[in-house]
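Visitor: Please take me through one part of this model in close detail, beginning with a single position in a loop, and then show me how the surroundings of that loop connect to the rest of the chain.

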Amino acid sequence: HYVALQRDVEGDLLLGDMGEGLPFRPGMFDGCISISALQWLCNADKKTHSPPKRLYRFFSTLYSSLARGARAVFQIYPENSEQLELITAQAMKAGFTGGMVVDFPNSSKAKKFFLCLFAGVSGVLPKGLGSESTDRGVSNQAQFTAQRSRFTNMKGKSVKKSKDWIMEKKERRRRQGKDVRADTKYTARHRKPRF
């Protein structure tokens, strides 16, 4: 904000915390571009900061402020795959479709991640730079839709406390011959309604 004021930038300036949401009217913008800002919402700088909640708050208010059919592109530098998964999961939860495009996926210095999101419609993701990866059958894009999916961690195991994790744990305990309670929120058994 201070640098923008010093450079006499034209237009209105707003200084705020992205994690607290965007204060704009619904449908106000046709697009959004962000460079190297989004990944900072993954940090908990204060005890009250919850990265998933802050990301969801940002994405849900951004979704609201974008016109239907608008696009948002974020250049990000995620620390690891879990951070990438957290960011994309919160964007999809807020209603966006889209995906990740990676430029120069085989380069350690030139690699860039772009989260390309669509508000209200599904669009076609752009091709990433560095086409040598696609020649070998390795895609440098990841497509996300509004469909829900189960996430797994790096080792291919289900995320702890998720439905899949609980079902896998119950199955393991059954195989060990232990008594497992069948009446939980994850079983197909329905209770009779009380009148």
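Guide: The place to begin is Ser-36, which sits in the loop between β1 and α2. This is a predicted model, and in it the phi angle of Ser-36 is near 55°, a positive value in a residue that is not glycine. Ser-36 counts as partly exposed because its relative accessibility is 29%, whereas buried residues are those under 20%.

The loop between β1 and α2 also holds Gln-39, and this residue counts as buried because its relative accessibility is 7%. If neighbours within four places in sequence are set aside, the contacts of Gln-39 are with Gln-75, Ile-76, Tyr-77, Gln-83 and Ile-87.

From the loop one can move on to the hydrophobic interior. The largest nonpolar core has 26 residues, of which Leu-38, Phe-59, Phe-74, Phe-96 and Leu-117 touch the most other members. At least two residues of this core come from each of α2, β2, α3 (81-93), β3 (97-103) and β4 (112-118). Phe-74 is worth following by itself: with residues up to four places away in sequence not counted, Phe-74 touches Cys-32, Ser-34, Leu-38, Phe-58, Phe-59, Leu-62, Phe-113, Phe-114, Leu-115 and Leu-117. Apart from the largest core lies another one, of 5 residues, which include Val-101, Phe-114, Cys-116 and Phe-118.

The aromatic residues deserve a separate reading, and the count of aromatic pairs comes to 6. One of them joins Phe-58 and Phe-74 in an edge-to-face arrangement, with 5.9 Å from centre to centre and 75° between the planes. Phe-58 belongs to helix α2 and Phe-74 to strand β2 (residues 66-76), so this pair ties together parts of the chain that are 16 residues apart in sequence. Both Phe-58 and Phe-74 are buried, and together with Phe-59, Tyr-63 and Phe-96 they form one aromatic cluster. Tyr-63, a member of that cluster, also has a charged neighbour, since Arg-68 lies over the face of Tyr-63 at 4.5 Å from the ring centre. A second arrangement of this kind involves Lys-93, whose charged end sits over the ring of Tyr-56 at 4.9 Å from its centre.

Helix α2 can also be approached through its charged side chains. Side chains of opposite charge can pair when their charged atoms come close, and the structure holds 2 salt bridges. In one of them Arg-54 pairs with Asp-17, the closest N and O atoms being 2.8 Å apart. This bridge links distant parts of the chain, with Arg-54 in helix α2 (residues 51-65) and Asp-17 in the loop between α1 (2-6) and β1 (29-35), 37 residues apart. The two partners differ in their burial class: Arg-54 counts as buried because its relative accessibility is 10%, whereas Asp-17, with a relative accessible area of 27%, is partly exposed.

The other bridge joins Arg-174 to Glu-171, and here the closest N and O atoms are 3.8 Å apart. Arg-174 and Glu-171 both belong to helix α5 (residues 163-175), and because they are 3 residues apart, about one helical turn separates them. Arg-174 is partly exposed, its relative accessible area being 39%, and Glu-171 likewise counts as partly exposed, at 37% relative accessibility.

For comparison with the starting point, Phe-104 can be set beside Ser-36. Phe-104 lies in the loop between β3 and β4, and its phi is near 50°, again a positive value in a residue other than glycine. At 32% relative accessibility, Phe-104 counts as partly exposed.

These details can finally be placed within the whole chain. Its secondary structure comes to 5 helices and 5 strands, which follow one another along the sequence in the pattern α-β-α-β-α-β-β-α-β-α. Of the 195 residues in the protein chain, 32% are buried, and the chain exposes about 13,900 Å², of which carbon and sulfur atoms supply 53%. Among contacts with a separation of 6 or more, those between residues 24 or more positions apart account for 62%.

Technical notes. Residues are numbered from 1 along each chain as its sequence is written. This is a predicted model: local features need pLDDT of at least 70, side-chain atom pairs count only at pLDDT 80 or more; totals for chains, interfaces and linings use all residues. Side-chain values use heavy atoms; hydrogens and water are left out. A salt bridge is a side-chain nitrogen of Lys or Arg within 4 Å of a carboxyl oxygen of Asp or Glu. Helices (H or I, at least four residues) and strands (E, at least two) are DSSP runs, numbered from the N terminus. Buried means under 20% relative accessible area, exposed over 50%, partly exposed in between (1.4 Å probe, protein chains only). Rings of Phe, Tyr and Trp (its six-membered ring) pair if their centres lie within 6.5 Å; planes under 30 degrees apart count as stacked, over 60 as edge-to-face and the rest as tilted. A charge sits over a ring if NZ of Lys or CZ of Arg is within 6 Å of the ring centre and within 35 degrees of the ring normal. A nonpolar core is a set of buried Ala, Val, Leu, Ile, Met, Phe, Trp, Tyr and Cys residues joined through side-chain atoms within 4.5 Å. Contact means heavy atoms within 4.5 Å. Accessible areas come from the Shrake-Rupley method with a 1.4 Å probe; for residues, only the protein chains shown count as cover.
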